[in-house]
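Biologist: Could you take a close look at one charged group and the ring beneath it, and then lead me outwards from there? I would like the cut-offs spelled out as you go.

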Amino acid sequence: MMNLRDIRTHIPDDKPGRIFLFIALISISSVILIFTFLFGTASPVLLKEGAGFITGTEWNYHTGEYGILLLLIGSLVLTAVTMAIALPLSLFTAIFLAEWSPRWLAGILRPPIEMLVGIPSVVYGIFGFFILENIFQYYVDPFIDSTLGFIWIFKDVNPSSGISILLAATVLSIMILPTVTALSQEALETVPRDYRHASLALGATKWETIKKIILPAAMPGIITAFILGLMRAIGETMAIVMLMGNCLHFPTSILDTGYAMTSKILNDIGYWVSFDEPKSALFAIGVAIFVMEFIFVALARLIGYRFSIDRRE
Amino acid sequence: MENHETILETKKLNLFYGDKQALIDVDLSVYKNHVTALIGPSGCGKSTLIRCFNRMNDLVSDCRIEGQVIYHDQNLYSPAVDVVHMRKKIGMVFQQPNPFPKSIYDNVAYGPRVHGIKDKKILDGIVEKSLMQAALWDEVHDRLDDPAMGLSGGQQQRLCIARTLAVEPEIILMDEPCSALDPIATAKIESLIDDLKKEYTVIIVTHSMSQASRVSDFTGFMYLGKMIEFGETEKIFTSPDEELTNNYITGRFG
């Protein structure tokens, strides 16, 4: 156990050390403050609803019913579809950039990919709304419906609109693509050259080397990249509000509309923030997002650990 | 020297890194089931030369090669050569022990698996045989599933040798295999090299002249990209023909 005296021995005794400690404390305390504030404000509704907060499907400020199940499902489906699009896209891009593309080509491809990071999410939102929405309504949705529509999750349930979970997920994928790609590429490139040489010298082909040596060795870094992408996907609000339809119901297909937790907060906070219970309820959604991120990160780490761990095949 | 069978031969081998010439008209014959050592001061091209034998220089983007490396009557640099297959026959052990971040078993089984062997029994046999040949079996047989990174440097290097042996090469290239090891580990690898030449042909690059004299049958002395002198190790170290060789082995420069 650590008592106060032990802590004191960890305080640096030189001036720069103390200054850095002080600054570190500022950032750490701001995190603690946010948590306290978030949980504090949310607690009345969380305590009142109990488990019903998660399992309830009604959200009504007038009757005082707060259940986030449909919002939770909306966010989960959106995140799942986003990751299903973004993971292969960014990982394969990263593998290409790190392993195959000559240096000059990587030099040309990297900057535009990185530039995507700088575009504000509201711009992604209007891009999706004014350009992709039409394309999805007239081309993408009918195509998916006609090829995979016999599976219920690919059915085009509202052909009159391009607004859908898939549209939101597609735009979200483009948003997280640069982060995940750049970090994955870095993870791949930091795998020691020795491994590569050893594998090639044993008569493995380049692809075998990538598959069996480089990817597993880079897995912790790739997982970190995915986690950062995942966090952004879960937390993203602006573009989602514009593209997912914000219709509180159970989405039956990825071409259906949905309502994400973040969108609910953004849509309602402007008006309901001045009422105590609604405000607490909206903050409770924030807590749910926080917990969801926490669980996802833990899961991703666990999966990544299983992937990278050394086991007999 | 004439009664030895040549397994690998270079003819007028020239190599350039960009504008810089690293090998100049190198002619060398490597004899089967013997140990050939390449010695010379740092930067003389000995490591570059050994990397030509399994085309590891291909990985260097601005590397250009002229001349021939003949292996089984075929120029390794002719377009018809399957580099992947060739590397299976000409294995390499590197300067730094570089086991994969996998278990001991998986390290040795890596090559055979890549080449399509899936049968667990066969793999077990290969792993055991290779580790035996690399004189590592007794030390690790009861912990094959432990990570290879947990082994000592000397053990890691012997594991790398076992990993190379597992794909049944004809020639084993060793690029300063002991330079990162302590004297005891070095002695173990040296006695291992002596055993290996019964079945394999070994080419070793070393900066240690005493090592070259201990382990090799033939020695090539290189200087500034040229093969200055090549001959039986005993002769090179006792009565070399070239003044330069004599100066190097007597420690006048290096």
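Biologist: Which residue lies over the face of F16(B), and how far is it from the ring centre?

Modeller: That residue is R64(B), which sits 4.3 Å from the centre of the F16(B) ring. A charge is taken to sit over a ring if NZ of Lys or CZ of Arg is within 6 Å of the ring centre and within 35 degrees of the ring normal. Chain B offers another example, with the charged end of R163(B) over the ring of F100(B), 4.4 Å from its centre.

Before we go further, this is a predicted model, in which local features need pLDDT of at least 70 and side-chain atom pairs pLDDT 80 or more, while totals for chains, interfaces and linings use all residues; side-chain values use heavy atoms, without hydrogens or water. Residues are numbered from 1 along each chain as its sequence is written, with chains lettered from A and ligands numbered from 1 in the order in which they are written.

Staying in chain B, let us turn to the charged pairs. Over all chains there are 17 salt bridges, each one a side-chain nitrogen of Lys or Arg within 4 Å of a carboxyl oxygen of Asp or Glu. D175(B) and R51(B) form one of them, at 3.5 Å from N to O. Since D175(B) belongs to strand 7 (residues 171-175) and R51(B) to helix 1 (residues 46-52) of chain B, this pair ties together parts 124 residues apart in sequence. Helices (H or I, at least four residues) and strands (E, at least two) are DSSP runs, numbered from the N terminus. D175(B) is buried, with 2% relative accessible area; buried means under 20%, exposed over 50% and partly exposed in between (1.4 Å probe, protein chains only). D194(B), by contrast, is partly exposed at 38%. D194(B) meets K197(B) in a salt bridge at 3.7 Å, N to O, and a network of salt bridges links these two with D217(B).

Helix 3 (residues 104-114) of chain B brings us to the other chain. Its 11 residues are buried, 11 of 11, so the rest of the structure largely encloses this helix. Among the buried residues are Y105(B), D106(B), Y110(B) and R113(B). They pack against helix 8 (193-201) and helix 9 of chain A, and against helix 4 (120-133), helix 5 (137-140) and helix 6 (153-165) of chain B; contact here means heavy atoms within 4.5 Å. After helix 3 of chain B comes G116(B), with a positive phi near 100°.

In chain A, helix 9 (206-235) and helix 10 (238-243) are joined by a loop that holds T237(A). T237(A) is buried at 19%, and beyond residues up to four places away in sequence it touches T262(A), S263(A) and L266(A). In helix 11 (residues 261-272) of chain A we also find K264(A) and D268(A), 4 residues apart, about one turn of the helix. An α-helix has 3.6 residues a turn, so residues three or four places apart point the same way. K264(A) and D268(A) form a salt bridge, with the closest N and O atoms 2.9 Å apart. Both partners are buried, K264(A) at 10% and D268(A) at 11%.

Now for the aromatic pairs, of which there are 16 over all chains. Rings of Phe, Tyr and Trp (its six-membered ring) pair if their centres lie within 6.5 Å; planes under 30 degrees apart are stacked, over 60 edge-to-face and the rest tilted. F37(A) and F283(A) have centres 5.5 Å apart and planes at 85°, so they are edge-to-face. F37(A) is in helix 2 (residues 15-49) and F283(A) in helix 12 (residues 276-308) of chain A, so the pair ties together parts 246 residues apart in sequence. F283(A) is buried at 17%. Y271(A) and W272(A) are also edge-to-face, because their centres are 4.9 Å apart and their planes at 85°. Y271(A) is exposed at 53%, whereas W272(A) is buried at 15%. Ring pairs join these two with W59(A), Y61(A), Y66(A) and F275(A) in a cluster.
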